[in-house]
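Thanks for passing this one along. Here are my notes, as numbered points to read with the model open beside you.

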Amino acid sequence: MTDTPKPIGYWFKHIDKTLEENFAALLATEGLLRRHWQIMHTLSGGALDASGLDVALSPFLNAQDPTAAPYVGTLLDRGWVVRDAAGTYALTVEGIGAHAKLLERIGIQRTAATEGLSADDYRTLLDLLKRVSANVDAFALTLR
């Protein structure tokens, strides 16, 4: 009896779920959530006010989570982010160090996810996923 291969949707869901769980577990070791990381990573590119931070994080915000403001407080309390008199947020020296430490650990996790793939394999995988994504998007248009 041969095993029936699992369909592509199974693998997409499995990979997405496991990547999300692993990332959440990594952040939880520091008492952080994804939104804290997104704020830190965004601010690593330069200081922003609350509005600019919300614009930068807008792809991740929604009706239940419409602003980054509640998450900034945790980072302020830790001394990883500072807010100046003009309302601009920036990473502190401690925040820069914490970001670098997390970025290194995230890099290790990302490398582990592609263990055994050559650079060419990885480029091919990304190309194939882009094509599948475009196909799914195009098909979705036919259903509307």
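**Notes on the predicted model**

1. Let me start with helix H4, on the side where Pro-70 and Asp-77 are exposed. A word before going further: this is a predicted model. The helix covers residues 69-78. Opposite the exposed pair, the buried residues of H4 are Tyr-71, Val-72 and Leu-75. These three span an arc of only 105° around the axis, so they sit on the same side of H4. That fits the usual geometry: an α-helix has 3.6 residues a turn, so residues three or four places apart point the same way.

2. What do the buried residues of H4 pack against? Their partners are H2, helix H3 (50-56), S2 and S3. Just after H4 comes Gly-79, with a positive phi of about 80°.

3. Now the sheet. It is open, with three strands in the order S1-S3-S2 and antiparallel pairing. Strand S1 (48-49) and strand S2 (81-83) are at the edges with a single partner strand each, so one side of each has no neighbour in the sheet. As a reminder, strands of a sheet pair through backbone hydrogen bonds, either parallel or antiparallel.

4. For the register, S1 pairs with strand S3 (residues 88-91) over two bridges, in the antiparallel sense. Asp-49 has Thr-88 as its bridge partner in S3, and Leu-48 is opposite Tyr-89. On the other flank, three bridges join S2 and S3, again antiparallel. There, Val-81 stands opposite Leu-91 of S3. The hairpin of S2 and S3 has four residues between the strands, and in it Gly-87 takes a positive phi near 90°. If you check backbone torsions, Gly-79 and Gly-87 are two places to look.

5. Which residues of S3 lie on its covered face, and which on the uncovered one? Tyr-89 and Leu-91 are on the covered face, while Thr-88 and Ala-90 are on the uncovered one. Two helices pack on this sheet. H2 touches S1, S2 and S3, and its direction makes about 90° with that of S3. H4 touches S2 and S3, with its direction at about 105° to that of S2.

6. On to the interior. The largest nonpolar core has 22 residues, and Ile-39, Met-40 and Leu-53 have the most contacts inside it. Two or more residues each come from H1, H2, H4, S3 and H5. The largest share, four residues, is that of H2. In soluble globular proteins, nonpolar side chains tend to be buried together.

7. Ile-39 deserves a click in the viewer. Leaving aside residues up to four places away in sequence, Ile-39 touches Leu-53, Leu-57, Ala-68, Tyr-71, Val-72 and Leu-75. Among these contacts are Tyr-71, Val-72 and Leu-75, which are the buried residues of H4 from my opening point.

8. How many salt bridges does the structure hold? There are seven. One of them joins the side chains of Glu-20 and Arg-34, at 2.7 Å from N to O. This pair links distant parts of the chain, since Glu-20 belongs to helix H1 (residues 8-28) and Arg-34 to helix H2 (residues 34-43), 14 residues apart. Both ends are partly exposed: Glu-20 has a relative accessible area of 36%, and Arg-34 has 32% relative accessibility.

9. Another salt bridge runs between Lys-101 and Glu-30, with the closest N and O atoms 3.1 Å apart. Lys-101 is in helix H5 (residues 93-113) and Glu-30 in the loop between H1 and H2, so the pair ties together parts that are 71 residues apart in sequence. Lys-101 is partly exposed at 44% relative accessibility, and Glu-30 is partly exposed at 22%. Because buried means under 20% relative accessible area, Glu-30 at 22% counts as partly exposed. Arg-105 joins Glu-30 and Lys-101 in a network of salt bridges.

10. Last, a local pair. Asp-120 and Arg-123 form a salt bridge whose closest N and O atoms are 2.3 Å apart. Both residues lie in helix H6 (residues 119-142), three residues apart, or about one turn of the helix. Asp-120 is partly exposed, at 49% relative accessibility.

Key. Residues numbered from 1 in each chain as written. Predicted model: local features only at pLDDT ≥ 70, side-chain atom pairs only at ≥ 80, totals over all residues. Heavy atoms only, no water. Salt bridge = Lys/Arg side-chain N within 4 Å of Asp/Glu carboxyl O. Buried < 20%, exposed > 50% of the residue type's maximum accessible area, 1.4 Å probe, protein only. Pairing = 2+ DSSP bridges. Contact = heavy atoms within 4.5 Å. Axes fitted to C-alpha atoms, helices over the stretch in contact; angles between N-to-C directions. Core = buried A, V, L, I, M, F, W, Y, C linked by side-chain atoms within 4.5 Å. Arc of directions from axis to C-beta.
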